[in-house]
Amino acid sequence: DTHDGKMILRFDDTNPEKAKQEYVDEVKKAFKWLNVIADSESYSSDKIPLLYEYAEKIINLERAYVCFCSGDEIKENRSKKKNCFCRSKSKEETLVSWKKMLNKEFKKGEAILRFKGDMESLNTVMRDPTLFRIIDSTHYRQGDKYSAWPSYDFTVSILDSIEGVTHTLRTKEYELRRELFFELLD
């Protein structure tokens, strides 16, 4: 009240394998028990089309690419600070692959959208992190509407900015991810 702020209760539910209505219900129940009243409620999964638009903007800025490497290859390249071959593909090739991701033409693990970070960074989070991945599970809220799902890192960066979030409550493990948060905002 002192700073005339508003509290948003946002459910970052962009992993259909982990997001469930029962979790939403429990959080709401805990808020009620604590007598905490949010000014608004938001579900990240409701904003998937908007997140797709921002992903395409990042692709057009040539700051993201679709990667077809296996998880083991990605891990090894990140460990060795080595650029992935997919990183050098043109913006046009990346856009074609991105559209295929959106059109459900890839299965889980076949393609991910990665941010062109800094493979030399001491902060491993910045070594070309995943922005979108294919998840074939049915979502508790969106059903089977989408198969390309944004990562938490991508989602919170975009939605915090759009929703005007100035202060967040996040767990300690997010600390190393702040560098990526600000890079995505830029």
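Which elements each supply at least two residues of the lining of the largest pocket? Some notes from going through the model, which is a predicted one.

1. On that opening question: the elements are β1 (8-11), α1 (21-33) and α5 (152-163), each with at least two residues in the lining of the largest pocket. The space in there comes to about 1,100 Å³. In total 33 residues line this pocket, and if you want to find its centre, look for Met-7, Ile-8, Leu-9, Arg-10 and Leu-169, the closest ones to it.

2. As for the character of that lining, it's a mix: 14 residues are nonpolar, twelve are charged and seven are polar.

3. The second largest pocket holds about 370 Å³ of space. It has 21 lining residues, and those nearest its centre are Arg-78, Pro-129, Thr-130, Ser-151 and Arg-177. Two or more lining residues come from each of α3 (71-79), β4 (112-115), β5 (130-134) and α5. Here α3 gives the largest share, with four residues. Sorted by class, the lining has nine charged, seven nonpolar and five polar residues.

4. Now the packing. The largest nonpolar core has 29 residues, and the ones touching the most other members are Trp-98, Met-101, Leu-113, Leu-131, Phe-132 and Phe-154. Plenty of elements put in two or more residues: α2 (48-60), β3 (64-67), α4 (91-102), β4, β5, β6 (148-150), α5 and α6 (178-185). The largest share, six residues, is from α2. As background, nonpolar side chains in soluble globular proteins tend to be buried together.

5. Leu-131 is a handy place to start looking at that core. Setting aside residues up to four places away in sequence, Leu-131 touches Ala-64, Leu-113, Arg-114, Phe-115, Trp-149, Pro-150, Ser-151, Phe-154 and Leu-184. Two of those names, Leu-113 and Phe-154, also appear among the core residues that touch the most other members.

6. There is another core as well, apart from the largest one, with seven residues that include Tyr-65, Cys-67, Cys-69 and Ile-74.

7. Last, have a look at Ser-121, in the loop between β4 and β5. Is Ser-121 buried or exposed? Its relative accessible area is 9%, so Ser-121 counts as buried, the cut-off being under 20%. A polar atom of the Ser-121 side chain sits 3.1 Å from the backbone nitrogen of Asn-123. Beyond the neighbours within four places in sequence, Ser-121 is in contact with Lys-81, Met-126, Arg-127 and Glu-179.

Definitions and conventions. Residues numbered from 1 in each chain as written. Predicted model: local features only at pLDDT ≥ 70, side-chain atom pairs only at ≥ 80, totals over all residues. Heavy atoms only, no water. 1 Å grid on protein atoms, 1.4 Å probe; cavity = no way out; pocket = protein on both sides within 12 Å on 5 of 7 lines; lining within 4 Å. Points joined across faces, edges and corners; volume = space filled by probe spheres on them. Nonpolar A, V, L, I, M, F, W, Y, C, P; charged D, E, K, R; others polar. Buried < 20%, exposed > 50% of the residue type's maximum accessible area, 1.4 Å probe, protein only. Polar contact = N/O pair within 3.5 Å; in protein donor to acceptor, adjacent residues only side chain to side chain. Contact = heavy atoms within 4.5 Å. Core = buried A, V, L, I, M, F, W, Y, C linked by side-chain atoms within 4.5 Å.
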